[in-house]
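Visitor: I would like a close look at one part of this molecule. Please take me through it step by step, and start with the whole chain.

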Amino acid sequence: MAISLQKGQKISLEKEAGQTLTRIIMGLGWDAAKKGGLLGLFGSKNSIDLDASCLLFNEKNEVVDVVWFRQLRSQDGSIIHTGDNRTGDGDGDDEQIIVDLNRIPSHVKALVFTVNNFTGQNFEKVNNAYCRIVNGSNNKEIARYNLSAQGSHTGQIMAKVYRHNGEWKMHAIGENGYGRTFLDLLPSIISNL
């Protein structure tokens with residue numbers, strides 16, 4: 001059973017998965033909040049474009065690479081973004097970032113996952129939004145973080161996946177921010193490393 005992450009919580013990904021992890025998937029899902037209509041039942045949907053990003057940091061807390069909707073693959077090929085979903089339509093994950101942990105270069109010490117609302121609505125306007133970490137070997141969910149009804153922010157620094165004593169761990173940062181892309185969150189990301 002997956003852990004429901006709380007802001008600031010730290011977990012061992014391998015302990016929670018019950019096995020050595022070689023691949024993880026960060027999944028992002030959401031639905032647009034309905035607008036108008038009788039009690040919101042017959043209204044149309046707002047177009048909401050959430051974007052998942054993964055920033056790679058070295059020991060000096062410098063960004064060495066970024067995977068996002070404008071660069072779907074890390075320079076070394078260890079991280080792949082499955083593509084930009086601009087509506088949140090459909091079931092399951094709307095965007096995924098697949099990480100081959102064994103291929104992450106040794107100079108990369110941390111991966112930071114962010115979510116931004118590119119269309120600018122705050123998270124109060126987004127329904128059923130979540131971010132989750134999945135074991136890429138068996139597709140079992142390890143941890144989940146609820147994003148919906150979180151407030152007036154338009155971005156969030158979700159989590160940091162980092163190396164510690166030869167093991168991959170995760171810190172659920174859950175820091176709210178503002179901006180359409182990870183670039184707007186960068187000063188806050190660095191202060192949370």
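Visitor: How much accessible surface does the chain have, and what share of it belongs to carbon and sulfur atoms? After that, please show me the six-stranded sheet and what surrounds it.

Guide: One caution before the numbers: this is a predicted model. The accessible surface of the chain comes to about 9100 Å². Carbon and sulfur atoms account for 46% of that surface. The chain has 193 residues, and 51% of them count as buried. Its secondary structure consists of two helices and 14 strands. Now look at contacts between residues at least 6 apart in sequence. Of these, 65% join residues at least 24 apart.

Now the sheet. Six strands make it up, and it is open. Read across, the order is β2-β14-β13-β10-β6-β7. The pairing is antiparallel. Two strands stand at the edges: β2, residues 10–12, and β7, residues 63–67. Each has a single partner strand, so one side of each is left without a neighbour in the sheet. Neighbouring strands are turned by 20° against each other on average, direction ignored.

Take one pair inside that order. Strand β13 covers residues 155–164, and strand β14 covers residues 167–177. Nine bridges pair them in the antiparallel sense. Want one bridge to find on screen? Glutamine 156 has asparagine 176 in β14 as its bridge partner.

Move to the other end of the order. Strand β6, residues 50–57, is joined to β7 by four bridges, and the two run antiparallel. Here phenylalanine 57 stands opposite valine 63 in β7. Together β6 and β7 form a hairpin, with five residues between them. Asparagine 61 sits in the turn and has a positive phi of about 60°.

A cysteine also lies along here. Cysteine 54 is buried, with a relative accessible area of 0%. Cysteine 131 is buried too, at 7%. A disulfide is a covalent bond between the sulfur atoms of two cysteines. A search of the whole structure finds zero disulfides.

Stay with the hairpin. Which part of the chain comes up against it? Look at the loop between β9, residues 95–100, and β10, residues 110–117. Valine 108 is in this loop. At 1% relative accessibility, valine 108 counts as buried. Valine 108 and asparagine 61 are 47 residues apart in sequence. In space their C-alpha atoms are 9.5 Å apart. Leave aside neighbours within four places in sequence, and valine 108 is in contact with Leu56, Phe57, Val64 and Arg163.

Histidine 107 belongs to the loop between β9 and β10 as well. Is histidine 107 buried or partly exposed? At 45% relative accessibility, it counts as partly exposed. Buried would require a value under 20%. Histidine 107 and glutamate 59 are 48 residues apart in sequence, yet 7.2 Å apart in space, C-alpha to C-alpha. Not counting residues up to four places away in sequence, histidine 107 touches Phe57, Asn58, Glu59 and Val64. Phe57 appears among the contacts of valine 108 and among those of histidine 107. So does Val64, in contact with valine 108 and touched by histidine 107.

Next, a helix. Helix α2 spans residues 182–191, and its residues Phe182, Leu185 and Ile189 are buried. They cover an arc of only 65° around the axis, which puts them on the same side of α2. What covers these buried residues? The cover includes β6, β7, β10, β13 and β14, and these strands belong to the sheet. The face turned away from the buried side carries the exposed residues Pro187 and Ser191.

Finish with a second hairpin. Strand β11, residues 126–135, is mostly covered, with eight of its ten residues buried. Five bridges join β11 to strand β12, residues 141–146, and the two run antiparallel. Valine 134 stands opposite glutamate 141 in β12. The two strands form a hairpin with five residues between them. Asparagine 139 lies in the loop between β11 and β12. Its phi is positive, about 60°, although asparagine 139 is not a glycine. At 55% relative accessibility, asparagine 139 counts as exposed. Asparagine 128, in strand β11, has a positive phi near 55°. It counts as exposed at 52% relative accessibility.

Terms used:
Residues are numbered from 1 along each chain as its sequence is written. This is a predicted model: local features need pLDDT of at least 70, side-chain atom pairs count only at pLDDT 80 or more; totals for chains, interfaces and linings use all residues. Side-chain values use heavy atoms; hydrogens and water are left out. Two strands pair if DSSP finds at least two bridges between them. Axes are lines fitted to C-alpha atoms, for helices over the stretch in contact, and angles run from 0 to 180 degrees between N-to-C directions. Buried means under 20% relative accessible area, exposed over 50%, partly exposed in between (1.4 Å probe, protein chains only). Contact means heavy atoms within 4.5 Å. Accessible areas come from the Shrake-Rupley method with a 1.4 Å probe; for residues, only the protein chains shown count as cover. A disulfide is a pair of cysteine sulfur atoms within 2.5 Å. The arc is that of the directions from the helix axis to the C-beta atoms.
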